[in-house]
Amino acid sequence: MARPRTFEPDQVVAAAMMCFRENGYQATSIRDLETATGLKAASLYKAFGNKASLFEKVLAHYRLDVVQRRVGTHLRPENGLAGIASFFSSTYLTETSPWHGCMIANSSLESEALDAAANTQLRLGLSEMRDALEAQLDHCVEIGEVEQSV
């Protein structure tokens, strides 16, 4: 009989996210993930498949937790152009990890090494940010805060 899980998958994904943010996808080893999560490799493989599958879950978590929260907080009509500035600066000023920068943007630099599922998460994250920024700029044009030519 298999032993019941003694860990919370969302907490493991959050810990793995910090590890991947620090090292990048390619430079993160299974040993690094063991240290970051407190789980042995066998438990990681059983729960998440392989490193690529865990990374895809990490990117999905980052999109849904970090990107969508930042978009919802900063890119609101009432924030106008200042919302765009605060959206970008929030990556450096309000995130709690010491590894600055957007994980979606940074991971895009490694896209050739990633599998299709991870690249899908990257495309979704980039599209969500682009669409929200475009809508915010359109609103800024409508209210006269930015000229149409921009």
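## A tour of an all-helical chain

Contacts first: of those in the chain with a separation of 6 or more, 63% join residues 24 or more positions apart. Keep in mind that this is a predicted model.

**Select the whole chain.** Colour it by secondary structure. You will find seven helices and zero strands. From the N terminus on, the order reads α-α-α-α-α-α-α. Turn the C-alpha trace along its principal axes: the spans are about 65 × 30 × 25 Å.

**Switch on the surface.** The accessible area is about 8700 Å². Carbon and sulfur atoms hold 54% of it. Of the 150 residues, 40% are buried.

**Colour by charge.** The chain carries 14 positive and 19 negative charges. Their mean positions lie 12 Å apart.

**Go inside.** Select Phe20, Leu54, Phe55, Val58, Tyr62, Met103 and Ile104. These residues have the most contacts inside the largest nonpolar core, which counts 33 residues. Now show the helices around them. H1 (9-23), H3 (41-48), H4 (51-74), H5 (80-93), H6 (103-108) and H7 (116-142) each give this core at least two residues. Which helix supplies the largest share of the core? Select H4: nine core residues come from it. In soluble globular proteins, nonpolar side chains tend to be buried together.

**Finish on Ile104.** Centre the view on Ile104 and display its contacts, leaving aside neighbours within four places in sequence. Ile104 touches Leu59, Tyr62, Arg63 and Val67, among others. Add Gln121, Leu122, Gly125, Leu126 and Met129, which are also in contact with Ile104. Tyr62 appears here as a contact of Ile104, and both Tyr62 and Ile104 are among the core residues you selected earlier.

Note on methods:
Residues are numbered from 1 along each chain as its sequence is written. This is a predicted model: local features need pLDDT of at least 70, side-chain atom pairs count only at pLDDT 80 or more; totals for chains, interfaces and linings use all residues. Side-chain values use heavy atoms; hydrogens and water are left out. Helices (H or I, at least four residues) and strands (E, at least two) are DSSP runs, numbered from the N terminus. Buried means under 20% relative accessible area, exposed over 50%, partly exposed in between (1.4 Å probe, protein chains only). Contact means heavy atoms within 4.5 Å. Accessible areas come from the Shrake-Rupley method with a 1.4 Å probe; for residues, only the protein chains shown count as cover. Lys and Arg count as positive and Asp and Glu as negative; His and the chain ends are not counted. The place of a charge is taken as NZ of Lys, CZ of Arg, CG of Asp or CD of Glu. A nonpolar core is a set of buried Ala, Val, Leu, Ile, Met, Phe, Trp, Tyr and Cys residues joined through side-chain atoms within 4.5 Å.
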